[in-house]
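Here is a brief report on one model. Read it alongside the sequence and the 3D view.

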Amino acid sequence: MAVTGGIRDGREPGSLRLPGIVLGVGLGGFVDGILLHQLLQWHHMLSSTNDDRIGVKYYSPRTVSGLEMNTVWDGIFHTVCWLAVLIGLALLYARVTHGRRRVWTSRVLWGWILAGWGVFNLVEGLLDHQILGIHHVHGGPYQLWWDVGFLVLGAVLLVVGPLVQRSGRSLDTAGRLV
């Protein structure tokens, strides 16, 4: 971090915190969308709106029209994840001018990516699963346990990420590891 009058201001061009967190949010969203929505088909964006808390119309993923609507909303979700990854890459590129290979293997960057993934899990898990109730990790009689596990994973990533980040070497203003 840049030091101004002996105080760290957090605006150092070489900081990997913001690009790492934004990349982690996008990549965490992709893991959720690809693994849970598409491969395992445990849920979609609107698969629990039959008992949500905001009154969204129910679109059963077991009907063609319901699956079509859920697929559209899954696509919107994936678009947001894709934009987060693009923005994270742009932020990273703007901060790194030298030593790109060292940056990609840096514990600092990967620690922040893990923290960003944890942020994704906690926000998505609290907002979509608990507050709005529009879908759950895996619907059914044990859906609360699946949702809690998702939140616990997010909390673990949010704790482990900064620990990994602290064990790495930071960048100087020219993008070199120091």
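By class, four nonpolar, 11 polar and two charged residues make up the lining of the largest pocket. This pocket holds about 360 Å³ of space. It is lined by 17 residues, and those closest to its centre are W42, H43, S47, P61 and R62.

The model is predicted. Mean pLDDT for the chain is 87, and 85% of its residues reach 70 or more. Residues 1-13 are a stretch where the pLDDT is below 50. Beyond near neighbours in sequence, that stretch has 15 contacts in the model.

Two residues can be set side by side.

| Residue | Location | Relative accessibility |
|---|---|---|
| H78 | helix 2 (residues 64-95) | 15%, buried |
| Q41 | loop between helix 1 (17-39) and helix 2 | 58%, exposed |

Take H78 to begin with. H78 counts as buried because its relative accessibility of 15% falls under the 20% cut-off. Which residues does H78 touch, not counting those up to four places away in sequence? They are F30, G33, I34 and Q38.

Now Q41. Q41 counts as exposed because its relative accessible area of 58% is over 50%. Its backbone also deserves a look. Phi of Q41 is near 55°, a positive value in a residue other than glycine. Most residues other than glycine have a negative phi.

Terms used
Residues are numbered from 1 along each chain as its sequence is written. This is a predicted model: local features need pLDDT of at least 70, side-chain atom pairs count only at pLDDT 80 or more; totals for chains, interfaces and linings use all residues. Side-chain values use heavy atoms; hydrogens and water are left out. On a 1 Å grid over the protein atoms alone, a cavity is a set of points where a 1.4 Å probe fits but cannot get out, and a pocket is an open set with protein on both sides within 12 Å along at least five of seven lines; lining residues have an atom within 4 Å of a point. Grid points are joined across faces, edges and corners, and a volume is the space filled by probe spheres set on the points. Ala, Val, Leu, Ile, Met, Phe, Trp, Tyr, Cys and Pro count as nonpolar, Asp, Glu, Lys and Arg as charged, and the others, Gly among them, as polar. pLDDT is the predictor's confidence in each residue, from 0 to 100. Contact means heavy atoms within 4.5 Å. Helices (H or I, at least four residues) and strands (E, at least two) are DSSP runs, numbered from the N terminus. Buried means under 20% relative accessible area, exposed over 50%, partly exposed in between (1.4 Å probe, protein chains only).
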